[in-house]
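Trainee: I would like to request a close look at a single part of this model, followed outward to what surrounds it.

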Amino acid sequence: MPPTDAEKRQAAREVIDILQEIATLLNTNLNRQQLSYCVSLIENGVNPEALANVVRELRAQYPQPSEESEPDGK
Amino acid sequence: MSKSQEERVEHALTQLLEHILPSYPGEDPAAADERFDDAFDFAFDSINSAGAPLIASNVNHVSDLIKHKLVRDNGSPERALRFGNLYSKLLSQPVLNQKWAMLHFLYKLSESTTGQDHSGSRTIQGIGVQNQTQLPGTPPKRQDEQQEQMRSPVFNEAFSNSGLLKLPVSSESPKQPLRHIPSDRTERKKDRKGVDTSKDPVEDESSPSERKYLPMKPSEPNLLRDLPFTLQGLSASTLVFSSSKTLEIPPTLPIPLVSLLHTLAEPSLLYRGLSEFVESSEGGLVGQSFRSALSKELRAYLGLVATLEGEIKRALAMLDESQPYQGIGKAGVTLKRCVIWTREATMGLRLMSVMVEQSKGKKGGQLISLIHSFSLTHGDPYVRTFAERLLSHVTRPFYEMLRQWIYDGELADPWLEFFVSEQSEEEINDLNGDGRKGGATSVWEDKYKLKDGMIPSIITEEFAKKVFLIGKSLNFIRYGCGDAQWVESYSKEASKELRYGDTANLEHSIGEAYKTTMARLISLMADKFKLFEHLQALKKYILLGAGDFIAVLMESLSNNLDRPANSQYRHTLTAQLEHAVRNSNAQYDSQDVLRRLDSRMLELSHGEIGWDVFTLEYKIDAPVDVIVTPFGSKQYLKVFNFLWRVKRVEFALGSTWRRCMTGARSVLGTVSDKVGADWKIARCAVAEMIHFVNQLQYYILFEVIESSWNELQEAMHRPESTLDDLIQAHARYLNSITRKGLLGSQNTDFTGQLHELLKVMLAYKDAVDGLYSFSVAEFTRRQEMSAKIETRTAEGRWGVTEKDSLADTDASTPSLPGSKRRPRTKDAESPFPLLQPAGGNEDDVLPALRIRLKNLSVDFRARVNVLLGDLYHQPDADMRWLAMVMNFNDVYQPVRKKRRVPEKKPSRETPRAVGAEGKTGK
């Protein structure tokens, strides 16, 4: 049976959980939302190394005043 | 990418950026927007330009990478384990398509976060560059830590090959091998290209330069150059001896080198201490030879140091400046090698310093024993051989002393190291209490003492005793006997070199020397000094062995000695002695013996008669007085005294008996009616006493003296006897005489009893003499009476008048015991003093005499009983024999008296004693 949406969502959540744990293990300082966006980007074919560079650069250029990133939005 | 995809990407990117970009409070929105736009443009460009990923997508590979990273970063595998679990879970998920990409992304991100400090202002030139720039990053971080600078190829070689633990000094080195692993793996992947393959040459190049060390100060060649000096205990520029016990190691060295230097410092310090000891010059001969033996060993050590120095010089000449650490590893001489080379020498030095430590305060034989114990009982064969080597050297002065002692009898011991020590005069006097033992005795006994503590363990105790005796005898022969000549000749011919290790030979020589010396000494004693003759003479004269001489002497002296002591003259005594000698067999003795014989008077005290102070004397001089000690001479005199008294009593009783017997035929026959019964009693009593005295004398002379003499002869003529044996035998001889001769025993006072007995006997003799004179007086009186009657009858008068009859009645009437109570009449004819027994008081005299005689004989009896009682209970069989012989017919009842009660029941046997002779039974 093709997986239902609910199942897909469930599976997606699990995957995100796993990935988040891995990310924590690796000290990547990514929170859940950032991670999910990264996942979607990569799923869409973005080069992971390039993405990592981007993230890094942005972090370096705009250091966080606090640990949490509060998107202020535009 | 398709349009929709692009759109999605854009959207997602926007969202992400929104989340990533922080917001600064108080920033105006325009700036924030501008930031956002910049970021977005940048992100978009980079994403589009990156294109496809360069690395082949291999999920497993990336997971391995992550795992390694986790292990590396955290030091514990638990995170890696967790990751493994998650990874497997992830794999099982069907949703995510780009697992690899995701993981890779995360991996890259995580790497960058840890290396974030160093990113600095770098431009992104690719990941390989990034990797590369990380490497130089870490060394600068750790530059201040000195310890990890020391990573010379030598050490790596040393530590990695021998598997020694390297100190956890640098975190870089663990990274090195690990980093090699990724490079290895990248090598394996053929289609790797680009950045990763560029890693390899970069890393290879950076390996030598990576081990960026600061040159250590001081460098190893410098240390090596200074090493020979250090090993000799001299301060060098790098390693300074701050005191005699400490060596300073420069603090700038890394720890492994420091530990090496510690090992090398040990022989240096030991050598320093030992050379100081060797230079010191205290202690005796043995100590000095010990020091010289040690210095020989130290010289061998110095030889080793010289060789080492040669090697080092050669190696230093070969140093290659270009190589790291100047290629010292290749030259073949390193500090580590030196440690190996000096290892055995260090053991030797350690052993020597242990010996030196333990030898403090010891000297002579003790020192030898110490080293010998090392050679005997130590488990390590190296130690044993070492100690053996030392021993032959160290014992040389000891053997020299031994040789001189054995063959010359001289003690050449300036440092008091030998086990025979000489004692000075004062010490001897202190020992003996005012030098009681004078003369040669003290020379023999006390001049040399055996010090047990100083006997080295290389010779046994028995051996030492033999050696001691030999030397003592030689010395004695030389000085005491005056036979130095023989000693000289003997030492010349027999003296030979004694050495350590030659035990059989040594024992043989000592045995020979012993036999020769002892034999010589005994023969000297016997021949030159006529020891045995003197002993014989002592027995003859002092112990009354020569009966004829003694008899004559006694006869001639008896009148003299009855007079009081202060009227004796020395010359009369000597004259009597000469007379006795001439008239007996003593005249045939050698002049030497006769010369020594002398008569003497003991100290007088008031009221003594000559008998009490007279004594014979036999002069003994050195060296015979070693055997007949002054104490022994005193014992001889005591015995003489006792025997003389007994002899005197015997003589007195004998003369009385003679008189009685001869008188019985003449005078006494006539008065037997009056005093006949008394005479019978008296005769019996005297006979009893004579028997007693005879038995006593026989016992002492034959049972005691003769048998002891036989024992003495036996002991003296044994072939292996030494002077000490002779001394002992003689002492035993005298002791047994005094003991068995009833003179010396402690518990029962035989001497006192015997003296009393003798006194009683003498008193009895006096009483008997009194009786005799009384009888003679009576006889004379009767003679006169009858003569008077005759003359009167011749004149024609009455033969017997009233007066006469009165007097007569008293005298001539057979007087029965008890009928003596006649009124005393004054006899006009005999105006003699009252006490004269021949006078008119015969009534009193005779009864008095009778009473006295009775008392004395009773007393005698009682005392004999007591004596017998004591004798019976003696442990010695001979004394019991005496008691038996005295009481052979059981005439006495031996009484064992208690000490408190002075007298027990008197004997009941008195009436029976009258006719005791021949009768048996009680």
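How many residues does helix H27 of chain B have, and what distance does it reach from its first C-alpha to its last?

Mentor: The model is a predicted one. Helix H27 of chain B covers residues 570-582, 13 residues in total. From first C-alpha to last it reaches 18 Å, close to the 18 Å expected at 1.5 Å a residue. The buried residues of H27(B) are Leu573(B), Gln576(B), Leu577(B), Ala580(B) and Val581(B). Viewed down the helix axis, these buried residues fall within an arc of 140°, so they line one face of H27(B). The general background is that an α-helix has 3.6 residues a turn, so residues three or four places apart point the same way.

The next point is what covers that face. The cover over the buried residues of H27(B) includes two helices of chain B, H26 (547-562) and H28 (591-596), together with strands S5 (597-601) and S6 (614-618) of chain B.

One residue to examine in this setting is Phe549(B). Not counting residues up to four places away in sequence, Phe549(B) touches Leu577(B), Ala580(B) and Val581(B), among others; these three are also among the buried residues of H27(B). The other residues that Phe549(B) touches are Tyr541(B), Ser584(B), Ala586(B), Leu597(B) and Leu616(B).

Phe549(B) also has a place in a wider assembly. The largest nonpolar core has 192 residues, and Phe549(B) is one of those that touch the most other members, along with Phe290(B), Phe419(B), Trp644(B) and Phe692(B). Helix H32 of chain B (residues 672-716) supplies the largest share of this core, 19 residues. Apart from it lies another core, of 46 residues, which includes Val46(A), Phe36(B), Met102(B) and Leu109(B). As a general rule, in soluble globular proteins nonpolar side chains tend to be buried together.

Helix H26 of chain B, part of the cover described above, also holds Ser558(B). Ser558(B) is buried, with a relative accessible area of 10%. A polar atom of the Ser558(B) side chain lies 3.0 Å from the backbone oxygen of Glu555(B). Leaving aside neighbours within four places in sequence, Ser558(B) is in contact with Trp611(B) and Phe651(B).

Aromatic residues recur in this account, and the ring pairs merit a look of their own. Over all chains, a search of the whole structure finds 19 aromatic pairs. In one of them, Trp405(B) and Tyr448(B) have ring centres 5.0 Å apart and planes at 70°; because planes over 60 degrees apart count as edge-to-face, the pair is edge-to-face. Trp405(B) lies in helix H19 (residues 396-408) of chain B and Tyr448(B) in strand S4 (residues 448-450) of chain B, so the pair ties together parts that are 43 residues apart in sequence. Trp405(B) is buried at 0% relative accessible area, and Tyr448(B) is buried at 3%.

Another pair, Tyr698(B) with Phe702(B), has ring centres 5.2 Å apart and planes at 45°, so the pair is tilted. Both residues lie in helix H32 of chain B, 4 residues apart, about one turn of the helix. Tyr698(B) counts as partly exposed at 38% relative accessibility, and Phe702(B) is partly exposed at 45%. Finally, ring pairs link Phe419(B), named above among the core residues, with Phe398(B), Tyr399(B) and Phe418(B) into a cluster.

Key
Residues numbered from 1 in each chain as written. Chains lettered and ligands numbered in written order. Predicted model: local features only at pLDDT ≥ 70, side-chain atom pairs only at ≥ 80, totals over all residues. Heavy atoms only, no water. Expected span 1.5 Å × (residues − 1). Buried < 20%, exposed > 50% of the residue type's maximum accessible area, 1.4 Å probe, protein only. Arc of directions from axis to C-beta. Contact = heavy atoms within 4.5 Å. Polar contact = N/O pair within 3.5 Å; in protein donor to acceptor, adjacent residues only side chain to side chain. Core = buried A, V, L, I, M, F, W, Y, C linked by side-chain atoms within 4.5 Å. Phe/Tyr/Trp six-rings, centres within 6.5 Å; stacked < 30°, edge-to-face > 60°.
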